[in-house]
Amino acid sequence: MNKKEIQSFSLATLLDICGRRPEDLYYDGCLIASRVNVKDEFNIDLFRYPTRLDAFAIIFCSKGSIVSTSGVTRHTIGERTLFVHLPGSILQVESVEDASVHAILCEKEFIQRINIDLKLLTQLFLQVEKHPSLPLDDEEWDGVMRSLDGIRIEGARQHNDPYSAEIIRSMIRTLAYKVCRIIARHVETGASEATSRSRNEEYFNQFMGVLTRHYMQQRSVGFYAETIRA
């Protein structure tokens with residue numbers, strides 16, 4: 001293959017190439033899988049060069065690290081980190097260091113089939129597109145792991161009744177909204193920190209301006225504080 005070419009994969013094509021393991025759960029266009037040793041258990045060579053994956057991919061790194069490029073930005077996906085890949089985006093894996101992951105890959109149409117609010121989802125994912133790698137706190141991580149464990153247990157039962165499919169569908173939808181909530185929290189925190197930095201920079205600039213004008217006459221901290229507040 002020419003290194004300058006960009007490969008394109010759908011989820012179905014990826015599954016044809018890589019195959020599935022008995023413990024993997026595949027439901028109606030959504031794959032939920034875990035890999036204890038990514039380097040040995042997944043064909044990383046598929047993503048050694050820029051590759052377009054036409055599917056949503058949510059990766060939870062539980063151990064080690066993965067260095068990847070999403071679009072044109074380089075990211076390190078470390079322990080307890082969430083990584084979001086949007087359909088059609090270009091992905092390249094540079095290195096994998098003793099990494100274990102939980103992965104959810106789903107077709108775009110699957111999101112519609114489980115009745116996720118596409119407007120809400122699109123707004124969140126557009127905001128996270130520039131920062132697709134998000135470190136999770138203990139509460140966020142534990143909540144996601146409980147959902148994944150529940151889905152795996154339910155999926156392994158293989159009940160032949162009209163209710164089990166709907167239970168799986170509802171559990172996956174719940175997990176999707178948990179991911180949305182995590183993204184929203186991080187987006188809000190980032191916006192708050194940016195606003196705080198902006199205010200601090202403004203106060204600092206005001207202080208330096210006042211200090212430059214009055215430092216020969218005024219040595220009182222109270223004077224500068226009152227002047228800036230005014």
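What percentage of the 230 residues in the protein do buried residues make up? In this predicted model, buried residues account for 37% of the 230 residues. The fold comprises seven helices and nine strands, and, among contacts with a separation of 6 or more, 75% are between residues 24 or more positions apart.

The interior was examined next. The largest nonpolar core holds 34 residues, of which Phe60, Leu82, Phe125, Ile172 and Ile183 touch the most other members. Helix α6 supplies the largest share of this core, with seven residues. Once neighbours within four places in sequence are set aside, Phe125 is in contact with Phe56, Ile58, Val84, Leu86 and Ile183. A second core, separate from the largest one, contains 25 residues, including Leu53, Ala55, Ile77 and Val93. In soluble globular proteins, nonpolar side chains tend to be buried together.

A search of the whole structure for cavities of 30 Å³ or more returns one, and the space in this largest cavity comes to about 180 Å³. Its lining consists of 15 residues, with Ile58, Ile104, Cys106, Ile111 and Ala176 the closest to the centre. Two or more lining residues are given by each of the strands β5 (56–70) and β8 (90–106) and each of the helices α3 (108–113), α4 (118–128) and α6 (164–214); of the contributing elements, α6 gives the most, with five residues. By class, the lining of the largest cavity is made up of 15 nonpolar residues, with no polar and no charged residues. Ile58 thus appears in two settings, being among the residues closest to the centre of the largest cavity and also one of the contacts of Phe125.

Open pockets were considered separately from the cavity. The largest pocket encloses about 570 Å³ of space and is lined by 31 residues, with Phe42, Phe47, Ile59, Ala103 and Leu105 lying nearest its centre. The elements that each give two or more residues to this lining are α1, β3, α2 (38–41), β5, β7 (81–85) and β8, and the largest contribution, six residues, comes from β8. The lining of the largest pocket divides into 22 nonpolar, four polar and five charged residues. Strands β5 and β8 are accordingly represented by two or more residues in the lining of the largest pocket as well as in that of the largest cavity.

The second largest pocket has a volume of about 180 Å³, and its lining is formed by Arg20, Pro22, Glu23, Asp24, Leu25, Tyr26, Arg152, Gly155, Ala156 and Gln158. Two elements, β2 and α5 (138–157), each give two or more residues to this lining, with α5 giving the most, at three residues. In terms of class, four nonpolar, two polar and four charged residues line the second largest pocket.

Helix α1, which spans residues 11–18, has Leu11, Leu14 and Leu15 as its buried residues. Viewed down the axis of α1, these residues fall within an arc of 100 degrees, so they line one face of the helix. The buried residues of α1 are covered by elements that include β1 (7–10), β2 (25–27), β3 (30–35), β4 (51–54) and β8. After α1 comes Gly19, which has a positive phi near 75 degrees.

Two strand residues illustrate burial at individual positions. Val96, in strand β8, has a relative accessible area of 4%, and is therefore classed as buried, the cut-off being under 20%. Although Val96 and Val38 are 58 residues apart along the chain, their C-alpha atoms are separated by 7.5 Å. Beyond its neighbours within four places in sequence, Val96 is in contact with Val38, Lys39, Ile44, Ser65 and Ile66. Ser70, found in strand β5, is likewise buried, with a relative accessible area of 13%. When residues up to four places away in sequence are not counted, Ser70 touches His75, Phe83, Ile90 and Pro132.

Definitions and conventions: Residues are numbered from 1 along each chain as its sequence is written. This is a predicted model: local features need pLDDT of at least 70, side-chain atom pairs count only at pLDDT 80 or more; totals for chains, interfaces and linings use all residues. Side-chain values use heavy atoms; hydrogens and water are left out. On a 1 Å grid over the protein atoms alone, a cavity is a set of points where a 1.4 Å probe fits but cannot get out, and a pocket is an open set with protein on both sides within 12 Å along at least five of seven lines; lining residues have an atom within 4 Å of a point. Grid points are joined across faces, edges and corners, and a volume is the space filled by probe spheres set on the points. Helices (H or I, at least four residues) and strands (E, at least two) are DSSP runs, numbered from the N terminus. Ala, Val, Leu, Ile, Met, Phe, Trp, Tyr, Cys and Pro count as nonpolar, Asp, Glu, Lys and Arg as charged, and the others, Gly among them, as polar. A nonpolar core is a set of buried Ala, Val, Leu, Ile, Met, Phe, Trp, Tyr and Cys residues joined through side-chain atoms within 4.5 Å. Buried means under 20% relative accessible area, exposed over 50%, partly exposed in between (1.4 Å probe, protein chains only). Contact means heavy atoms within 4.5 Å. The arc is that of the directions from the helix axis to the C-beta atoms.
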